[in-house]
Amino acid sequence: MKLEQLPQEFVKASVVIEEIEKHGFEAYFVGGSVRDTLLGKKSHDVDIATSAYPEEIKHIFKRTVDVGIDHGTVLVLHEEDQYEITTFRTESTYQDYRRPDHVTFVRSLEEDLKRRDFTINALAMDKEGTIIDLFHGLDDLQKGVIRAVGDPKERFHEDALRMMRGLRFASQLDFEIEKETLGAIYLFHSLLAKISVERIAIEFIKMLLGKNRQKGLTSFIETECYQSCPGLKERLTGLLAFSELPNRRIEEEGQAWTLLLKELNIASSDTRDFLKCWKLSNHLIHEVAELSFGLKQRLAGEWQAQELFRLGLEQSLSVEKIVPFYGQKADCEGTERKFSELPITERKQLRITGNDLLAEIDRQPGKWLGELIDRLEAAVINREVANDREQLLAFSRDFVKVEDES
């Protein structure tokens with residue numbers, strides 16, 4: 001098979017392959033970029049595999065970076081672009097079920113392709129667009145099948161993360177996992193305990209954001225891979241409920257975690273600990289906590305002014321995009337309008353400061369000042385008082401007076 005027209009990113013990269021070939025070596029486009037092109041998807045990264053050894057690549061090109069030279073990868077800087085060039089290789093045993101003990105550089109494309117995970121990822125393409133398919137990957141692409149290269153038991157025993165990758169591809173591509181491949185995932189699912197949480201989390205969230213989330217999740221549950229994932233082993237009922245949500249696409253990672261937390265019935269007080277087990281960033285944990293608060297409020301009724309103020313426009317709209325999972329209609333336009341009508345949208349817009357209050361009220365700095373500013377903010381948002389300095393001062397004096405009398 002030969003592509004009639006190469007996408008521009010491959011055309012630009014072809015000069016790198018030509019340069020390698022001028023020096024007597026082979027070079028091909030490989031992996032996900034070839035797969036995605038054949039599926040009509042835009043490829044973001046173009047990877048190149050070659051018979052040239054790393055030192056030979058560094059001799060051919062003047063500008064290189066040793067990004068993974070022990071495993072045969074050199075980053076080549078060409079004009080304004082950069083390309084990862086990896087030497088054909090075979091791999092030894094995998095003592096940690098993730099990384100080979102050592103790799104051996106070879107000159108054979110076939111030896112390199114046979115170590116890859118799935119047939120649809122074991123395709124290569126030369127600079128003219130001719131596809132090299134040694135493991136019937138084209139047939140699997142056409143049929144929508146995810147099949148391990150060679151013996152699936154060997155592939156997953158070598159690298160247990162490949163099981164999560166297979167589940168992720170089922171969701172992303174809306175493909176079926178071939179029977180023997182699925183059976184091997186079930187057989188070796190416990191090996192995921194050997195893989196770092198960070199790597200599992202990357203594949204897990206890609207699966208949740210795929211176009212057929214239910215397909216990936218169903219296999220994730222049936223193969224019992226969930227048992228080796230943080231916080232999920234004892235929550236099968238909630239995980240099943242999550243898998244049964246409407247199979248519409250989730251747009252963002254924060255939304256996916258928010259929906260999962262709700263279906264798992266994770267209390268707000270336990271949200272941080274649960275997400276920390278997944279090694280998520282503090283920023284993302286905070287975002288999910290706020291989205292969870294927003295979803296709860298939004299499902300209970302229309303937005304209140306203080307809820308919109310707390311969340312901000314971006315997160316309020318993010319909540320709107322997930323209420324349809326619970327049978328409610330998203331109202332992004334109405335939410336934007338309500339947000340624009342707020343008297344203030346952030347605290348710094350208050351026309352009074354802590355220093356103003358200290359200058360006008362005969363009190364020493366203390367806890368009362370923060371409580372007063374919180375009260376002023378709420379009063380302005382709820383239109384109890386105008387955002388005017390004199391009116392805010394009058395409101396503050398009354399507030400302090402009541403506090404003193406009580």
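The questions and answers below walk through a predicted model, from its division into domains to single residues.

Colleague: What should I know about the numbering and the kind of model before I start?

Modeller: Residues are numbered from 1 along each chain as its sequence is written. Because this is a predicted model, local features need pLDDT of at least 70 and side-chain atom pairs count only at pLDDT 80 or more, while totals for chains, interfaces and linings use all residues, and side-chain values use heavy atoms, with hydrogens and water left out.

Colleague: Into which domains is the protein divided, and how far apart are the C-alpha centres of domain 3 and domain 4?

Modeller: The bounds come from an automatic or database domain assignment, and they give domain 1 (1-143), domain 2 (144-229), domain 3 (251-342) and domain 4 (348-405). Five residues of domain 3 are in contact with five residues of domain 4, where contact means heavy atoms within 4.5 Å. The distance between the C-alpha centres of domain 3 and domain 4 is 30 Å.

Colleague: In the open sheet of seven strands, which strands stand at the edges?

Modeller: The strands, which are DSSP runs of E with at least two residues, are numbered from the N terminus, as are the helices (H or I, at least four residues). Two strands pair if DSSP finds at least two bridges between them, and the open sheet has mixed pairing in the order β3-β4-β5-β2-β1-β8-β9. Each edge strand has a single partner, so one side of it is left without a neighbour in the sheet, and these strands are β3 (64-68) and β9 (131-133).

Colleague: By how much are neighbouring strands of this sheet turned against each other on average, and at what angle does helix α1 run to β1?

Modeller: Axes are lines fitted to C-alpha atoms, for helices over the stretch in contact, and angles run from 0 to 180 degrees between N-to-C directions. With direction ignored, the average turn between neighbouring strands is 35°. Helix α1 (residues 8-22) lies across β1 (27-30), β2 (47-50), β4, β5 and β8 (123-125), and its angle to β1 is about 150°.

Colleague: Which residues of β1 point one way, and which the other way?

Modeller: In a regular strand the side chains alternate between the two faces of the sheet. In β1, all four named residues are buried, and Ala27 and Phe29 point one way while the other way is taken by Tyr28 and Val30. Buried means under 20% relative accessible area, exposed over 50%, and partly exposed in between, with a 1.4 Å probe and protein chains only.

Colleague: Which residue in β5 is the bridge partner of Ile48?

Modeller: We can step across the sheet from Phe29, which stands opposite Met125 in β8 and has Ile48 as its bridge partner in β2. The strands β1 and β2 pair in the antiparallel sense over four bridges, whereas β2 and β5 pair in the parallel sense over four bridges. In β5, the bridge partner of Ile48 is Ile85.

Colleague: Is Arg35 buried or exposed, and at what relative accessibility?

Modeller: Arg35 is among the residues covered by the annotation "binding site" in an unreviewed UniProt entry, and such annotations may be inferred rather than shown by experiment. The residue lies in helix α2 (residues 32-38) and, leaving aside its neighbours within four places in sequence, is in contact with Ile120, Asn121, Leu141, Phe169 and Leu173. Arg35 counts as buried because its relative accessibility is 9%.

Colleague: Which residues does Arg168 touch, not counting those up to four places away in sequence?

Modeller: Arg168, also covered by that "binding site" annotation, is found in helix α7 (residues 161-173). Its relative accessible area is 7%, so Arg168 is buried. The residues that Arg168 touches, with that exclusion, are Glu203, Lys206 and Met207.

Colleague: Where is Thr223, and how far is a polar atom of its side chain from the backbone oxygen of Phe220?

Modeller: Thr223 is placed in the loop between α10 (213-222) and α11 (236-243), and it counts as buried because its relative accessibility is 2%. A polar contact is a pair of N or O atoms within 3.5 Å; within protein, one must be able to donate a hydrogen and the other to accept it, and residues adjacent in sequence count only if both atoms are side-chain atoms. From the backbone oxygen of Phe220 to a polar atom of the side chain of Thr223, the distance is 3.5 Å.
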